[in-house]
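Reader: Got a minute to go through this one with me? I'd like to begin with the ligand site.

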Amino acid sequence: MENNAHKIDYNEKAISIKGLYKSFGELHVLKGIDLEVHKGENVVVLGKSGTGKSVLIKILVGLLKPDAGVVQVLGKEVDKLNQKELDALRLHIGFAFQSSALYDSMDVRQNLEFPLLMNFKNLSKAEVKDSVEEVLDAVGLIDKLNQMPSDLSGGQRKRIGIARTLILKPKIMLYDEPTSGLDPITSFEINELINEVQEKYNTSSIIITHDLTCAKETCDRVAMLLDGTFVKTGTFEEVFEDQDERIQSFYNYNFIK
Ligand SMILES: Nc1ncnc2c1ncn2[C@@H]1O[C@H](COP(=O)(O)OP(=O)(O)OP(=O)(O)O)[C@@H](O)[C@H]1O
């Protein structure tokens with residue numbers, strides 16, 4: 001589904017992947033991947049468990065090196081960067097973990113302040129307070145400022161996790177299974193939030209999921225990863241209109257769940 005609310009700039013690539021290969025010994029995980037994510041675009045990567053979605057993300061953030069291919073993020077060729085350059089690039093990438101990854105011993109305010117204080121030493125107390133309140137407001141949880149993560153629902157923890165990445169004003173958002181473990185209503189709210197983040201912060205995003213509703217609601221384009229390659233890339237409808245047996249079987253299996 002084309003999401004017209006997003007201001008996509010097709011002249012600017014946030015992520016560009018060409019001919020990417022990655023194997024672990026005899027296990028050939030990525031076998032010639034090409035993908036572009038434009039500025040302001042949400043691209044959903046769909047694929048079965050174990051097809052290399054996490055490997056792809058790790059290559060994007062420089063945690064794994066490709067065997068072959070060119071991977072550019074915000075114009076930088078990731079595997080050519082030194083550690084300092086990589087750290088600088090990662091500051092522009094927000095990673096929303098499947099688990100939310102909040103610090104349980106810190107309240108919501110401290111969880112949100114933490115990345116700011118770690119990365120920017122000269123911020124005034126007022127600047128920190130304003131940033132915390134802005135992102136909490138963006139995820140609709142301003143009233144949870146002083147709560148502990150253990151007192152929040154799973155959906156609220158996901159929202160705070162997203163707020164914590166937003167506080168560094170990332171240009172790119174990577175969402176790893178954002179709706180996994182959530183009930184349908186909470187999943188709906190997270191899908192809406194992903195779109196709101198896109199609209200408010202004009203981020204470019206990769207959303208990894210096998211939740212077809214999440215894909216349909218958040219995608220500008222879908223890239224279907226099967227057997228180590230993107231077998232089809234296009235709008236949600238374009239991908240699932242394809243009669244490729246593997247795509248139809250993925251749809252039928254995941255639709256029933
Ligand atoms: N560092 C590694 N060393 C060896 N094998 C690895 C390594 N990282 C990933 N793999 C293998 O690569 C394959 C793809 O793993 P990956 O974690 O990317 O799958 P995925 O698509 O993210 O799956 P899921 O949806 O279950 O998280 C798996 O078979 C995995 O065991």
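Reader: How does the shell around the ligand divide into nonpolar, polar and charged residues?
Author: There are 4 nonpolar residues, 6 polar and 1 charged. Keep in mind that this is a predicted model.

Reader: Which residues surround the ligand?
Author: Phe24, Leu27, Val29, Gly47, Ser49, Gly50, Thr51, Gly52, Lys53, Ser54 and Val55. Strand 2 (27-39) and helix 1 (53-60) are the elements that give two or more residues to that shell.

Reader: And which element has the largest share?
Author: Helix 1, with 3 residues.

Reader: Switching to the fold. How many helices and strands are in the chain?
Author: The chain has 9 helices and 10 strands. Its radius of gyration is 18 Å, close to the 18 Å from the globule rule for 257 residues, so the chain is as compact as a globular protein of that length.

Reader: What box do the C-alpha atoms fill?
Author: Roughly 55 × 45 × 35 Å, along the principal axes. Of the 257 residues, 38% count as buried.

Reader: What about contacts between residues far apart in sequence?
Author: Take the contacts between residues at least 6 apart in sequence. Of these, 68% join residues at least 24 apart.

Reader: OK, the open sheet of 6 strands. What is its order?
Author: The order is 6-7-8-3-9-10, and the pairing is mixed. Strand 6 (93-96) and strand 10 (229-234) are the edge strands, each pairing on one side only. On average, neighbouring strands are turned by 15 degrees against each other, direction ignored.

Reader: Are strands 3 and 8 parallel or antiparallel?
Author: Parallel. Strand 3 (residues 42-47) pairs with strand 8 (residues 204-209) over 5 bridges. Within strand 8, isoleucine 206 is the bridge partner of valine 43.

Reader: Which strands does helix 5 touch?
Author: Helix 5 (residues 154-166) packs on the sheet and touches strand 6 and strand 7 (172-176). The direction of helix 5 makes about 170 degrees with that of strand 6.

Reader: Backbone check. Where is lysine 169, and what is its phi?
Author: Lysine 169 is in the loop between helix 5 and strand 7. Its phi is near 50 degrees, positive in a residue other than glycine. Lysine 169 has 14 other C-beta atoms within 10 Å, so it is partly exposed.

Reader: And aspartate 227: buried or exposed?
Author: Exposed, because aspartate 227 has 12 C-beta neighbours inside 10 Å and the cut-off for exposed is 12 or fewer. Aspartate 227 lies in the loop between strand 9 (221-226) and strand 10. Phi of aspartate 227 is near 50 degrees, a positive value.

Technical notes:
Residues are numbered from 1 along each chain as its sequence is written. This is a predicted model: local features need pLDDT of at least 70, side-chain atom pairs count only at pLDDT 80 or more; totals for chains, interfaces and linings use all residues. Two strands pair if DSSP finds at least two bridges between them. Helices (H or I, at least four residues) and strands (E, at least two) are DSSP runs, numbered from the N terminus. Axes are lines fitted to C-alpha atoms, for helices over the stretch in contact, and angles run from 0 to 180 degrees between N-to-C directions. Two residues are in contact if their C-beta atoms, placed from the backbone, lie within 7 Å. A residue is near a molecule or strand if its C-beta atom, placed from the backbone, lies within 6 Å of it. Ala, Val, Leu, Ile, Met, Phe, Trp, Tyr, Cys and Pro count as nonpolar, Asp, Glu, Lys and Arg as charged, and the others, Gly among them, as polar. The radius of gyration is taken over C-alpha atoms; the globule rule is 2.2 Å times the number of residues to the power 0.38. A residue is buried if 20 or more other C-beta atoms lie within 10 Å of its own, exposed if 12 or fewer, and partly exposed in between; C-beta atoms are placed from the backbone.
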